[in-house]
Amino acid sequence: MLQKHDVRSDGASSASSNLSGKRVVVIGAGIGGLTAALAFAQRGADVHVYEQASALNEVGAGIQLAPNGARVLAALGLADDMDHRSIIAQAVMPTDALSGKVIAQFDLSSQVPPYRFFHRAALVDLIAQAAQTQGVDISFGVRVESIAKDGALNTNIGKIPCDLCVGADGIHSISRLFLGNTAEPEFTGQVAWRATIAAKDVAPVARIWMAPNRHVVTYPLTDNTLNIVAVQERDTWAEEGWKHADNPENLRAAFDDVCPELREILSHVSETYLWGLFRHPVVKRWHNDRLVVLGDAAHPTLPFLAQGANLAIEDGYVLARCCDEIDDLDAALSRFQLLRRARVSRTIAAANANARNYHLSGIRRRVAHTGLKTLGLIAPNTFLKRLDWLYGYDVTK
């Protein structure tokens with residue numbers, strides 16, 4: 001039986017819920033886990049988040065919150081907070097990294113809700129504060145060792161029972177393994193560096209500096225810094241995960257032949273982190289009787305469409321809604337997987353395509369840049385219309 005209810009502008013449920021009093025535990029206090037926690041709590045669940053780290057200590061970096069992700073957070077009552085803690089993006093600018101010439105400029109200012117640049121730590125803190133205000137308990141230093149068939153967690157602090165366990169524990173997910181998903185990731189032949197530098201009065205645009213076999217993305221953050229993500233194709237792999245420090249000279253060496261403007265930006269990098277990029281298959285099994293996975297635990301996404309966090313935010317909202325509206329938990333979790341699998345698979349395929357398009361060389365590069373330039377001059381709105389399926393998607397309806 002389906003139960004319908006209205007959600008007030010502050011995100012709280014205004015009617016009885018199937019989730020009222022149900023104990024939901026979330027593994028992982030990242031963006032997807034915290035969004036799920038907030039969405040479940042607003043629908044009446046008793047929610048507890050368990051995080052292995054000792055605090056919400058995100059490594060400093062930026063994140064792009066696209067309209068599809070922002071739409072969810074607005075529905076959860078965070079519209080004003082987002083406005084106060086982010087930069088509204090005005091445009092995306094594909095640029096020839098070798099010559100420094102802007103190839104095209106595509107306007108983002110018409111996006112509703114706005115496309116935003118966030119400091120990752122600020123976004124995590126924003127959702128965490130809202131969740132705690134809603135009554136969510138967040139515990140740190142809790143390491144999950146195993147998950148029982150009934151969803152109970154065996155941890156370093158003892159056994160933790162629940163009615164539903166949500167595995168939001170990222171690319172190295174233990175939850176995924178306990179659902180029988182053991183497929184190994186495949187190295188893409190690409191690595192990514194992440195860094196920030198001090199920078200004032202930077203235009204609110206995402207600039208994509210494209211060069212053969214590599215590219216850099218830059219955009220400003222609210223603390224007068226410039227976020228930098230640089231990707232290079234190479235044979236030698238690096239470990240997966242954003243917290244592996246690397247020598248900034250390695251980053252500069254990978255881009256030593258680019259235009260003076262980009263070399264100047266990279267010259268200011270004093271600290272950087274290196275991530276080996278691996279392709280993970282979308283998991284075959286998203287749930288069992290009491291355990292379900294979401295975000296990177298279910299469908300790790302390469303960063304070439306800036307959608308990993310946005311998809312996790314969508315997941316959290318849809319999961320809570322399915323569990324609220326459908327009495328039978330197994331049916332609710334099956335419905336969640338059905339609603340999400342095709343969506344995330346299409347987005348991952350689009351991100352993979354971007355990885356190729358950013359790194360073209362030779363005649364294919366010249367043809368592609370000419371096409372972008374022509375599109376920007378003749379039909380600039382076409383670029384964003386092609387992404388209506390992504391940015392215009394609304395899981396809150």
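When I say that two helices meet, I mean contact in the sense of heavy atoms within 4.5 Å of each other. With that in hand, let me take you through this structure, which is a predicted model, beginning with a helix that will come up several times, α8, which covers residues 308-325.

The pairing of α8 with α9 involves Leu311, Glu314, Asp315, Val318, Leu319, Arg321, Cys322 and Cys323 on the α8 side, and these meet Leu329, Ala332, Leu333, Arg335, Phe336, Leu339, Arg340, Arg343, Val344 and Thr347 on the α9 side. Sorted by class, that contact holds 11 nonpolar residues, one polar residue and six charged ones. As for the geometry, the axes of α8 and α9 lie 9 Å apart and the packing angle is about 155°; since an angle over 145 degrees counts as roughly antiparallel, α8 is therefore described as roughly antiparallel to α9. The crossing in which α8 passes α9 is right-handed.

Let me turn next to α1, which spans residues 31-42, and whose axis comes within 8 Å of the axis of α8, the two crossing at roughly 25°. That angle makes α1 roughly parallel to α8, and the crossing of this pair is right-handed. From α1 the contact draws on Ile31, Gly32, Thr35, Ala36, Ala39 and Phe40, while α8 contributes Ala309, Ala312, Ile313, Gly316, Tyr317, Leu319, Ala320 and Cys323. If you ask how the residues of the α1 and α8 contact divide by class, there are 11 nonpolar and three polar residues, with no charged ones.

The helix α2, residues 67-75, also packs with α8, at an angle of about 40° and with the axes 8 Å apart, and the two are therefore oblique to each other. Here α2 passes α8 in a left-handed crossing. The residues that make this contact are Asn68, Gly69, Val72, Leu73 and Ala75 from α2, together with Asn310, Ile313, Glu314 and Tyr317 from α8. In terms of class, the contact of α2 with α8 has five nonpolar residues, three polar ones and one charged one.

Now for the empty space. A search of the whole structure finds two cavities of 30 Å³ or more, and I would like to look at the second largest, which holds about 30 Å³ of space. Which residues line the second largest cavity? They are Phe278, Arg279, His280, Pro300, Thr301, Leu302, Ile348 and Asn352, and both β18 (272-279) and α9 (329-358) supply at least two residues of that lining. The lining of this cavity divides into four nonpolar residues, three polar residues and one charged residue.

Turning to pockets, the second largest has a volume of about 390 Å³. It is lined by 18 residues, of which Arg176, Thr182, Ala183, Glu184 and Pro185 are the closest to its centre. By class, the lining of the second largest pocket comprises eight nonpolar, six polar and four charged residues.

Finally, there are two details of the backbone to point out, each involving a loop. Val112 and Pro113 are joined by a cis peptide bond, with omega at about -5°, and Pro113 sits in the loop between β6 (106-107) and β7 (116-119). Asp201, although it is not a glycine, has a positive phi of about 55°, and Asp201 is found in the loop that runs between β13 (186-198) and β14 (205-211).

Key:
Residues are numbered from 1 along each chain as its sequence is written. This is a predicted model: local features need pLDDT of at least 70, side-chain atom pairs count only at pLDDT 80 or more; totals for chains, interfaces and linings use all residues. Side-chain values use heavy atoms; hydrogens and water are left out. Axes are lines fitted to C-alpha atoms, for helices over the stretch in contact, and angles run from 0 to 180 degrees between N-to-C directions. Helices (H or I, at least four residues) and strands (E, at least two) are DSSP runs, numbered from the N terminus. Angles under 35 degrees count as roughly parallel, over 145 as roughly antiparallel, 65 to 115 as roughly perpendicular and the rest as oblique. A crossing is left-handed if the near helix is turned anticlockwise from the far one by less than a right angle, and right-handed if clockwise. Ala, Val, Leu, Ile, Met, Phe, Trp, Tyr, Cys and Pro count as nonpolar, Asp, Glu, Lys and Arg as charged, and the others, Gly among them, as polar. On a 1 Å grid over the protein atoms alone, a cavity is a set of points where a 1.4 Å probe fits but cannot get out, and a pocket is an open set with protein on both sides within 12 Å along at least five of seven lines; lining residues have an atom within 4 Å of a point. Grid points are joined across faces, edges and corners, and a volume is the space filled by probe spheres set on the points.
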